[in-house]
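Here's an informal walk through one protein chain. Have the viewer open and follow along.

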Amino acid sequence: MIRLQGVDKFYKQGESSVQVLHDINLDISEGEFVAIMGQSGSGKSTLLNIIGFLDDQFSGTYFYKKLSVHNYTRSQFSKLRNSNVGFVFQNFKLINNLTVQENVSLPLLYAGAKRKDINKRVLEVLQQVGLKDSGKDLPTNLSGGQQQRVSIARAIIAQPNFLIADEPTGALDSKTSDEIMLLFKRLNQHNNTTIIMVTHDEKVGNQAKRLIRILDGRIISDKKVVLS
Ligand code: ADP
Ligand code: MG
């Protein structure tokens, strides 16, 4: 589904530019659950943003379902993003003056779905993440783990082709992290949701099915996780 070939990424710094990704070659199939690990500053978020169609400033080729994404215009790129990707971030990025159900319904509202269909889907996804009674709450009245569940519900409501998650457990204690990982595993196993996650927590990374390690912008290993 996802195929990056010879992808390089440079950031401009004044007159000069710094290379942060070097010759990334990566294939990800539908239904995979991939963790990308590496030290802070190694290029994980940069890579994830390219994969998730958030950043179109790279060289090399990106084929997505046979589409030559590297040739896409800005607007084609954002259309692709809106209709294919769900996002989960470390700091949840919820809108605090909207209720849980309003937050979760946003992607479908933007997509122009009907009110009745939206309400039905909101109930479904809140049930899936274990928050069916919290729809009327404000995010700030929920725990960190619950807020991350809300953001996962929002990420899956429009049935994206894949999820990207940048340090989804980075702001959570270890018990809550385990619960969030359990939810990701369930979505991957039962709904065949493709998940691509960045983490620097070994315990979290080892719960994925495939573990890619990156160092200084280069992939240094790419292995199936052997369940212990
Ligand atoms: P990670 O997610 O692994 O911590 P990042 O992908 O965020 O790493 O960053 C990789 C490198 O690129 C770092 O050295 C970082 O300082 C640099 N970088 C990230 N974003 C920018 C930017 N917008 N402009 C310039 N340099 C950046
Ligand atoms: Mg990062």
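Let's start inside the sheet: D8 stands opposite S59 in β4. That pair belongs to the contact between β1 and β4, two strands that run antiparallel and are joined by five bridges. Before going further, keep in mind that this is a predicted model.

**The sheet**

Which order do the strands take in the open sheet of four? The order is β2-β1-β4-β5, and the pairing is antiparallel. At the edges sit β2 (16-28) and β5 (67-68), each of which pairs on one side only. As a general reminder, strands of a sheet pair through backbone hydrogen bonds, in either a parallel or an antiparallel way.

Strand β1 covers residues 2-13, and nine bridges join β1 to β2, again running antiparallel. If you want a spot to click on there, R3 stands opposite D27 in β2. The two strands form a hairpin with two residues between them, and in that hairpin G14 takes a positive phi near 60°.

On the other flank, β4 (residues 59-64) pairs with β5 in the antiparallel sense over two bridges. Here F63 has S68 of β5 as its bridge partner.

The pairings side by side:

| Pair | Bridges | Sense |
|---|---|---|
| β1 and β2 | nine bridges | antiparallel |
| β1 and β4 | five bridges | antiparallel |
| β4 and β5 | two bridges | antiparallel |

**Q5, a residue with neighbours on both sides**

Q5 lies in strand β1. Leaving out residues up to four places away in sequence, Q5 touches I24, N25, G60, T61 and F63. I24 and N25 fall within the range of β2, 16-28, while G60, T61 and F63 fall within that of β4, residues 59-64. Take the first of those partners: Q5 and I24 are 19 residues apart in sequence, yet their C-alpha atoms are 6.2 Å apart in space. Is Q5 buried or exposed, or something in between? Q5 counts as partly exposed, because its relative accessibility is 37%, and the partly exposed class runs between the buried limit of 20% and the exposed limit of 50%.

**Two lysines with positive phi**

Now look at the loop between β4 and β5, where K65 has its place. K65 has a positive phi of about 50° although it is not a glycine. K66 has its place in the loop between β4 and β5 as well, and its phi is near 70°, also a positive value in a residue other than glycine. How exposed are they? K65 has 38% relative accessibility, so it counts as partly exposed. K66 has a relative accessible area of 80% and is therefore exposed. If you plan to check backbone torsions, both residues will show up with positive phi.

**Over to the helices**

In helix α3 (residues 100-110), the buried residues are V100, N103, V104, S105, L106 and L108. An α-helix has 3.6 residues a turn, so residues three or four places apart point the same way. What covers the buried residues of α3? The cover includes α4 (115-128) and α5 (144-156). After α3 comes G112, whose phi is positive, near 80°.

Another helix to look at is α2 (residues 74-84), where N82 is found. N82 counts as exposed, because its relative accessibility is 60%. N82 and P160 are 78 residues apart in sequence, but only 8.4 Å separates them in space, C-alpha to C-alpha.

**Zooming out**

So much for the local views; here is the whole chain. There are seven helices and ten strands in it. Along its principal axes, the C-alpha trace spans about 50 × 45 × 35 Å. What radius of gyration would a compact globule with 228 residues have? It would be near 17 Å, and the protein chain has 18 Å, which agrees.

Of the 228 residues, 48% count as buried. The chain exposes about 11800 Å², and carbon and sulfur atoms supply 48% of that area. As for contacts between residues at least 6 apart in sequence, 68% join residues at least 24 apart. Finally, for anyone thinking about electrostatics, the chain carries 29 positive and 22 negative charges, and their mean positions are 6 Å apart.

Notes
Residues numbered from 1 in each chain as written. Chains lettered and ligands numbered in written order. Predicted model: local features only at pLDDT ≥ 70, side-chain atom pairs only at ≥ 80, totals over all residues. Heavy atoms only, no water. Rg over C-alpha atoms; globule rule 2.2 N^0.38 Å. Buried < 20%, exposed > 50% of the residue type's maximum accessible area, 1.4 Å probe, protein only. Contact = heavy atoms within 4.5 Å. Areas by Shrake-Rupley, 256 points an atom, 1.4 Å probe, with all protein chains shown as cover. Lys, Arg positive; Asp, Glu negative; His and termini not counted. Charge placed at Lys NZ, Arg CZ, Asp CG, Glu CD. Pairing = 2+ DSSP bridges.
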